[in-house]
Amino acid sequence: MFTGIIESTGTIRAVSAAGTNKTFLVDSSLAPELKVDQSLAHNGVCLTVEMVGEGHYQVTAIAETLAKTTLGNWTTGDRVNLERCLHPSGRIDGHFVQGHTDTTGTILEKTDQQGSWLFRIAFDPKFAPLVIEKGSVALNGISLTVFAVTADQFSVAIIPYTYQHTNLADACTGDAVNLEFDMLGKYIVRWAETSRPGNVL
């Protein structure tokens, strides 16, 4: 479980393929604090640390993950947002994030508002019931509040600290981003769908 508060960024050092999987070697200042089998969110995607070296570590994404996220497009030199899993005694400064990306969205607009940045994001309208005004979404693993919601778009405002300490500073119009919608919203929608007359819970 994560909270969507990015701790650091890492840089993709190398990418290799084995069958339908892709393995990533990541340079990160967090490496000395990591251990094998630890869960680590990468742009909001939970991956298991397989190896830790001097200033770097290794993770692998399987076909299902590559198909539903932006990880399949990662190349050497890309910067990714990193968050370690939530410690039971820690504060939840964002919202509950599972690290299970639901879909990808597309940056339609990135506007410098002289003190913050506005991002306009397009997403598949089938997820519209999970996006509410002033609700939460994890965008590349970052816990953000959405506004100006329509059936297939929403906006988020990025404060300078978040912009400077995540890979949103590298983002451009047209880029794909990972989206994870609020877990509680997903359970409510599922309950509503399965509790209709004729359906079995």
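## Salt bridges in the predicted model

In this predicted model, a search of the whole structure returns seven salt bridges. Among them are the pairs Arg84 with Glu7, Arg84 with Glu33 and Arg13 with Asp27, which are described below.

## The network around Arg84

The side chain of Arg84 meets that of Glu7 in a salt bridge with an N to O distance of 2.6 Å. Because Arg84 belongs to strand S7 (residues 79–84) while Glu7 sits in the segment before strand S1 (8–18), this pair ties together parts of the chain that are 77 residues apart in sequence. Arg84 also forms a salt bridge with Glu33, for which the closest N and O atoms are 2.8 Å apart. That second pair again links distant parts of the chain, since Glu33 is placed in the loop between S2 and strand S3 (39–42), 51 residues from Arg84 in strand S7. Through shared partners, the salt bridges join Glu7, Glu33 and Arg84 into one network.

As for solvent accessibility, Arg84 has a relative accessible area of 21% and is therefore classed as partly exposed, the limit for a buried residue being under 20%. Glu7 likewise counts as partly exposed, with a relative accessibility of 38%.

## The pair Arg13 and Asp27

A salt bridge is also found between the side chains of Arg13 and Asp27, with a distance of 2.9 Å from N to O. Here the link runs between two strands, with Arg13 in strand S1 and Asp27 in strand S2 (residues 21–27), and the two residues are 14 residues apart. Arg13 is partly exposed at a relative accessible area of 39%, and Asp27 is partly exposed as well, with a value of 26%.

## The surroundings of Asp175

Asp175 is located in the loop that runs between helix H2 (160–165) and strand S13 (176–181), and with a relative accessible area of 30% this residue is partly exposed. A polar atom of the Asp175 side chain lies 2.8 Å from the backbone nitrogen of Cys172.

When residues up to four places away in sequence are left out, Asp175 touches Gly105, Thr106, Ile107 and Asp170. Of these contacts, Thr106 is 69 residues from Asp175 along the chain, yet the C-alpha atoms of the two residues are separated by 5.7 Å.

Key. Residues numbered from 1 in each chain as written. Predicted model: local features only at pLDDT ≥ 70, side-chain atom pairs only at ≥ 80, totals over all residues. Heavy atoms only, no water. Helix = DSSP H or I, 4+ residues; strand = E, 2+ residues; numbered from the N terminus. Buried < 20%, exposed > 50% of the residue type's maximum accessible area, 1.4 Å probe, protein only. Contact = heavy atoms within 4.5 Å. Polar contact = N/O pair within 3.5 Å; in protein donor to acceptor, adjacent residues only side chain to side chain. Salt bridge = Lys/Arg side-chain N within 4 Å of Asp/Glu carboxyl O.
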